[in-house]
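Hello,

Here is the structure I promised to pass on to you. Have a look at it first, and then read my notes below.

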Amino acid sequence: MYSITITNAQYYNDLDGNQAGIKATINSTEMFVPLDPANSDYAEILRQVDAGTLTIQDAD
Amino acid sequence: MSRARDFADLAGAADAGTVAGTNLIINGDMAVAQRGTSSTSVTDGYYTVDRFSFTPVATDELAVTHSQSTTVPSGQGFANSWKLEVTTAETALAADELCIFRQQIEGQNLQHLAYGTSSAKSLTLSFWVRSSLIGKYSCLFYNLDATRTNLQSFTINTADTWEYKTITIDGDTDSGAGFDNDNGGSLQVAWIFAAGTDWTGTPHTGWGAHTQTDDYAFSDQVNFIAQTGTFYITGVKLEVGSTATPFLHESYGENLAKCQRYYWQNTTNAAYYAYQYVSTYKALPVFFPVPMRATPTADVSYSSGSFTPYQDDEYHFKAYIASSYTDTTGYNTSYVKFNAEL
């Protein structure tokens with residue numbers, strides 16, 4: 001129902017090469033979001049991806 | 001109150017499966033404000049008092065200051081309240097506009113309510129409130145797991161005067177009304193300041209299936225944000241049973257620890273340093289004061305370098321950076337902020 005502003009979403013890998021999370025700008029602050037379904041920011045990212053309003057870039 | 005009444009209330013609470021007066025709301029006395037004590041943000045989020053979020057939706061004129069205030073009801077033992085001050089009014093409330101104050105509660109903390117069974121427990125919400133605008137305000141109970149709502153109201157009778165309000169709702173016996181037994185948000189309690197016509201309609205005042213267009217607010221409630229004014233609230237308590245019992249004042253430390261399950265920060269510069277853990281990498285760990293609700297979102301500022309989080313969880317955060325023993329740079333944090341709010 002509510003929407004936070006998320007931009008510049010990009011997966012990041014850890015040093016083992018595993019996809020570890022999403023780096024994103026949330027309400028103007030760069031943050032690291034874990035791939036934890038219970039994390040509300042991750043849930044919101046998935047919701048915005050499903051809605052077609054956000055794309056997550058692949059890891060560098 | 002007589003001893004007989006005390007024992008009767010205790011027996012009733014015992015029947016309800018909980019200790020008398022246990023508060024399902026965290027930080028109901030508005031004492032903890034880790035993020036800050038004042039904000040002018042008009043986007044959905046947590047800004048001042050912990051565990052409560054301020055949520056304007058689609059407003060385009062509104063300007064506010066929301067803050068942890070020391071204005072409190074006299075003689076009730078509170079030191080703080082949450083204050084909303086409208087500094088620029090939303091003069092024309094569009095259909096999609098909404099403005100609320102709310103808290104969500106984890107499902108695993110609600111199992112004793114037995115929702116979804118014939119034994120579903122009643123709940124009583126009590127709070128102290130003061131507003132510059134008299135009239136009817138909506139108060140929404142929202143079962144987020146079952147998408148069911150129960151809309152209630154309270155009335156401000158006298159402007160700029162503290163008033164004590166209680167609202168009792170029946171337990172929801174609908175077979176689909178059970179709360180998930182997990183760490184997700186299951187029950188939301190919200191106070192409604194204004195609601196456009198998309199959010200009002202023909203509400204039901206008992207439990208029923210939620211539709212945005214008829215459940216969120218009463219159409220005849222006040223529009224608090226249509227003019228400048230102030231609204232205060234404190235002493236919020238949600239308890240099992242049909243009787244409001246006195247607010248249980250916790251120590252600040254107990255309250256803070258409960259809040260830190262959802263949000264924690266340390267803004268002390270250089271509180272944490274990186275160490276060399278293999279020849280080519282440095283790691284910087286931060287252990288949380290209490291286990292967090294879930295693996296939190298990390299907002300960490302470093303003195304230098306670009307760190308990458310590594311296998312963090314609800315107990316700790318750590319990040320690494322490529323760096324050798326001969327690297328003479330000192331790596332430390334400028335601040336750390338971790339968010340596992342609902």
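**Notes on the model**

Let me start with a residue in chain A: A:Asn8 counts as exposed, because its relative accessibility is 60%. A:Asn8 belongs to strand β1 (residues 6-13) of chain A. Its backbone caught my eye, as A:Asn8 has a positive phi of about 55 degrees without being a glycine. Chain B offers another asparagine of this kind: B:Asn27, also not a glycine, has a positive phi of about 65 degrees. B:Asn27 sits in the loop between α1 (3-15) and β1 (38-39) of chain B, and with a relative accessibility of 2% B:Asn27 counts as buried.

Please keep in mind that this is a predicted model. For the complex, the predictor gives an ipTM of 0.93 and a pTM of 0.92. Chain B has a mean pLDDT of 93, with 94% of its residues at 70 or more. As a general caution, predicted coordinates should not be read in detail where pLDDT is low.

Now to the packing. The largest nonpolar core has 44 residues, and those with the most contacts inside it are B:Leu125, B:Phe154, B:Trp191, B:Phe193 and B:Leu238. Several strands of chain B supply at least two residues each to this core, among them β4 (81-88), β6 (123-131), β8 (148-156), β10 (185-195) and β12 (229-240). Another core, of 20 residues, lies apart from it and includes B:Ala298, B:Phe317, B:Ile321 and B:Phe338.

B:Phe193 is a good residue to click on. Leaving out residues up to four places away in sequence, B:Phe193 touches B:Phe54, B:Trp82, B:Cys99, B:Phe101, B:Phe224 and B:Phe231, among others. B:Phe193 is also one of the members of a cluster linked by ring pairs, which includes B:Phe52, B:Phe127, B:Tyr137, B:Phe154 and B:Trp191.

Over all chains, the structure holds 30 aromatic pairs. In one of them, B:Tyr115 and B:Trp207 meet edge-to-face, at 5.7 Å centre to centre and with 85 degrees between the planes. B:Tyr115 is in the loop between β5 and β6 of chain B and B:Trp207 in the loop between β10 and β11 (208-209), so this pair ties together parts that are 92 residues apart in sequence. Both B:Tyr115 and B:Trp207 are buried.

B:Tyr275 and B:Tyr277 also form an edge-to-face pair, because their ring centres are 6.4 Å apart and their planes are at 65 degrees. Here the surroundings are more open to view: B:Tyr275 counts as partly exposed at 43% relative accessibility, and B:Tyr277 counts as partly exposed at 34%.

Two charged side chains sit over rings as well. B:Arg51 lies over the face of B:Tyr262, 3.7 Å from the ring centre, while B:Lys337 lies over the face of B:Tyr335 at 4.8 Å.

Finally, how many disulfides are there over all chains? The count comes to zero. Take B:Cys99: the closest cysteine sulfur belongs to B:Cys139 and is 14 Å away, so a bond is ruled out by distance. For B:Cys139, the closest cysteine sulfur is in turn that of B:Cys99. B:Cys99 is buried, with a relative accessible area of 0%, and B:Cys139 is buried with 0% too.

Best wishes

Note on methods:
Residues are numbered from 1 along each chain as its sequence is written. Chains are lettered from A and ligands numbered from 1 in the order in which they are written. This is a predicted model: local features need pLDDT of at least 70, side-chain atom pairs count only at pLDDT 80 or more; totals for chains, interfaces and linings use all residues. Side-chain values use heavy atoms; hydrogens and water are left out. pLDDT is the predictor's confidence in each residue, from 0 to 100. A nonpolar core is a set of buried Ala, Val, Leu, Ile, Met, Phe, Trp, Tyr and Cys residues joined through side-chain atoms within 4.5 Å. Buried means under 20% relative accessible area, exposed over 50%, partly exposed in between (1.4 Å probe, protein chains only). Helices (H or I, at least four residues) and strands (E, at least two) are DSSP runs, numbered from the N terminus. Contact means heavy atoms within 4.5 Å. A disulfide is a pair of cysteine sulfur atoms within 2.5 Å. Rings of Phe, Tyr and Trp (its six-membered ring) pair if their centres lie within 6.5 Å; planes under 30 degrees apart count as stacked, over 60 as edge-to-face and the rest as tilted. A charge sits over a ring if NZ of Lys or CZ of Arg is within 6 Å of the ring centre and within 35 degrees of the ring normal.
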